[in-house]
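The exercises below concern a model of two protein chains, and each task is followed by a solution worked out step by step. Please look through the sequence and the structure before starting.

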Amino acid sequence: MAFLQMEGVHKYFGENHVLRGVDLVVERHQVVCLIGASGCGKSTLLRCINALEPISDGLIRIDGNRVSGTGVDLNDLRADVGIVFQSFNLFPHMTVLDNVILAPMKVLKRKKAAATSIGMDLLQRVGLAEKADEYPDRLSGGQQQRVAIVRALAMDPRVLLLDEITSALDPELVAEVLNIVRELAADGMTMMLATHEMGFAREVSSKVCFVHEGVIHEEGPPELIFGDPQRERTQAFLKRIVDAGRL
Amino acid sequence: MTENIQLVVPAATRRAPRVLTYRAASVLSLLFPFTGIFALLASLKAGRLSKSGDLEAARESGERAREWCWYSLGYGLLAYFVVFMVLLFTAQNGALANVYFDDVIFNREAWDSLLKGFWINIQIFVVAEILVLIWALVVALLRLLPGKACAPIRFVAAAYTDLFRSIPAILVLYLIVYGLQKAQLPLLDSLDVQDFCVIALVLVYGAYVSEVYRAGIQSIHWSQFAAARSLGLSYGQSMRFVVVPQAVRRIIPPLLNDFIGLQKDTALVSAVGILEVLGRARFINNSQATFTGYTMAALLFIAITIPQARAAEWLIKRDQSRTRAG
């Protein structure tokens with residue numbers, strides 16, 4: 001049974017039909033990259049999975065259980081599905097460590113000592129243990145994004161959604177964030193990434209989905225999508241990327 | 001060739017200083033002679049230099065003249081204001097000063113009496129402020145509840161705010177104090193007049209402050225709420241741990257504004273027969289044939305307000321230096 005499944009998912013924002021029937025399967029330990037032009041629906045798709053946006057039609061399943069529509073405990077769902085945002089969205093009034101341990105304490109009901117020890121381990125892993133007592137606004141963009149990843153990981157999510165997590169970073173800070181994603185992939189974390197880093201998508205993903213006008217226009221292993229795309233739109237998109245020197 | 005080079009010289013370095021403007025301005029600034037003299041000297045020098053063709057030095061002198069003119073304006077206005085006030089208070093052998101500051105201001109007993117009254121004001125506003133902080137947050141949160149099901153709650157919260165912001169505080173005081181006393185409801189029986197005054201002030205200022213809270217909460221970017229929810233925190237937890245703490249930091253200045261308003265409005269309770277500071281000031285005025293009692297009461301309010309303003313500024317600065325970059 002597939003780990004995560006989307007069946008005919010539609011999403012309207014008022015009149016605006018953003019997702020127009022998305023079908024997608026993600027297996028355990030897969031890294032799925034969503035590529036496509038800005039505004040094609042990549043971010044919306046991710047935000048629908050953890051119900052930050054309710055879907056208008058269709059079905060989303062995790063482990064075969066329906067997690068969309070009514071009668072779903074959204075707090076439980078979100079504790080299972082971590083998301084990291086383009087703009088970090090750390091809580092500026094809390095220290096780095098408090099950012100990390102808030103949800104484990106309040107949602108998972110972990111004791112402060114236990115949450116702190118897990119949080120410090122994770123911060124150590126991303127090389128930010130010494131910043132634990134610092135406030136987010138005093139960190140660089142790359143450091144903030146690493147903290148945001150740790151904050152999501154501290155909840156022990158079963159799948160991690162990464163929504164263009166390097167798009168707001170200065171170019172020289174991108175690598176430090178991508179390295180962490182690389183390590184997570186190697187550890188077998190199930191992930192979905194919306195990204196503009198084509199080289200990275202090609203290297204790290206087990207499946208690439210080209211999203212166009214609210215549907216998954218073409219999907220396949222990265223060698224195929226980047227090396228020999230079958231459909232015209234995909235070819236045109238990738239040609240623009242290559243012309244811009246981004247691949 | 002040379003013509004071309006002249007064309008690329010920036011206009012600013014070719015321009016003669018506006019000697020006339022400087023001179024006119026510095027003559028005007030002589031109204032405040034101390035810095036006006038400097039302005040005039042500098043503008044005269046600018047004129048001389050301009051005539052002799054040393055435009056660069058002339059522009060520099062002109063710049064100095066301009067600066068002295070601004071000093072004349074800034075300090076001159078203050079000086080004239082001070083002079084005006086001194087004249088006002090010393091006119092007719094200090095008639096006005098005698099009204100506001102006569103010997104009663106040195107009267108120990110009068111101060112003791114006023115302080116005794118002021119203690120009641122302090123009691124009232126301290127209790128009222130604590131209650132307002134809680135009550136107004138509740139109202140604001142109710143008014144921000146999402147979903148169609150909560151529409152009636154939102155409506156009631158909005159109606160309360162509208163109602164109590166539109167009725168004058170003194171009227172609310174009359175309505176609550178005399179109205180509730182008249183009704184003689186079983187539970188409210190045990191409350192005295194001062195308690196009713198606190199209730200009235202909490203109702204009035206709760207309405208104001210709930211709007212301050214609401215604006216503060218709405219000023220927190222929705223992405224903060226989304227981030228909290230995405231971690232599995234409930235609506236209430238997201239509000240409590242993420243949104244409201246940030247909102248409260250932001251609303252300290254307007255909150256202090258309303259609290260100062262509340263503190264001053266405690267003087268209204270003298271209208272329902274409580275002998276607080278204003279009532280005592282009136283008594284002093286009547287019994288000692290003076291007007292200075294009011295001045296003394298005013299001084300007491302000033303004395304508690306200014307430290308609060310500085311303390312709030314310090315609080316904000318401390319928080320910013322901790323959490324912000326740089």
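## Exercise 1: Hairpins and strand pairing in chain A

Task: describe the hairpin of β4(A) and β5(A), and then follow the pairing from β4(A) to β1(A) and β2(A).

Solution. In the hairpin of β4(A) and β5(A), 2 residues lie between the strands, and D63(A) takes a positive phi near 55 degrees; helices (H or I, at least four residues) and strands (E, at least two) are DSSP runs numbered from the N terminus, and two strands pair if DSSP finds at least two bridges between them. This is a predicted model, in which local features need pLDDT of at least 70 and side-chain atom pairs count only at pLDDT 80 or more, whereas totals for chains, interfaces and linings use all residues. Residues are numbered from 1 along each chain as its sequence is written, while chains are lettered from A and ligands numbered from 1 in the order in which they are written.

Step 1. The strands β4 (residues 57-62) and β5 (residues 65-66) of chain A run antiparallel and are joined by 2 bridges, with R66(A) in β5(A) as the bridge partner of R61(A).

Step 2. β4(A) is also joined to β1(A) by 5 bridges, and these two strands run antiparallel; here I60(A) in β4(A) is the bridge partner of M6(A).

Step 3. Between β1 (residues 4-13) and β2 (residues 16-26) of chain A there are 8 bridges, again in an antiparallel arrangement, and Q5(A) stands opposite V25(A) in β2(A). β1(A) and β2(A) form a hairpin with 2 residues between them, in whose turn G14(A) has a positive phi of about 60 degrees.

## Exercise 2: The open sheet

Task: give the strand order of the open sheet of 6 strands in chain A, and explain why one side of each of β6(A) and β10(A) is left without a neighbour.

Solution. Step 1. The order is β6-β7-β8-β3-β9-β10, and the pairing is mixed.

Step 2. Because β6 (81-84) and β10 (215-220) of chain A stand at the edges and each has a single partner strand, one side of each has no neighbour in the sheet.

Step 3. Direction ignored, neighbouring strands of this sheet are turned by 20 degrees against each other on average, where the axes are lines fitted to C-alpha atoms, for helices over the stretch in contact, and angles run from 0 to 180 degrees between N-to-C directions.

Step 4. Within the sheet, β3 (residues 31-35) and β9 (residues 207-212) of chain A run parallel and are joined by 4 bridges, and C33(A) stands opposite V208(A) in β9(A).

## Exercise 3: The surroundings of L97(A)

Task: decide whether L97(A) is buried or exposed, and list what it touches.

Solution. Step 1. L97(A) lies in helix α3 (residues 96-106) of chain A.

Step 2. With 21 other C-beta atoms within 10 Å, L97(A) is buried; the class requires 20 or more other C-beta atoms within 10 Å of a residue's own, exposed means 12 or fewer, and partly exposed lies in between, with C-beta atoms placed from the backbone.

Step 3. Residues up to four places away in sequence are not counted, and L97(A) then touches T116(A), G119(A), A132(A) and D133(A), a contact being two C-beta atoms, placed from the backbone, within 7 Å.

## Exercise 4: Two chains and their interface

Task: set out the overall form of chain A and of chain B, and then describe where chain B touches chain A.

Solution. Step 1. Chain A contains 9 helices and 10 strands, and its radius of gyration of 18 Å agrees with the value near 18 Å for a compact globule of 247 residues; the radius is taken over C-alpha atoms, and the globule rule is 2.2 Å times the number of residues to the power 0.38.

Step 2. Chain B has 14 helices and 0 strands. Its radius of gyration is 30 Å, well over the 20 Å that the rule gives for 326 residues, so chain B is more spread out than a compact globule.

Step 3. Buried residues make up 46% of chain A and 32% of chain B.

Step 4. At the interface, 20 residues of chain B are in contact with 20 residues of chain A, and the elements of chain B that give two or more residues to its side are α10 (222-230), α11 (235-250) and α14 (292-323).

Step 5. For confidence, the predictor gives the complex an ipTM of 0.93 and a pTM of 0.85.
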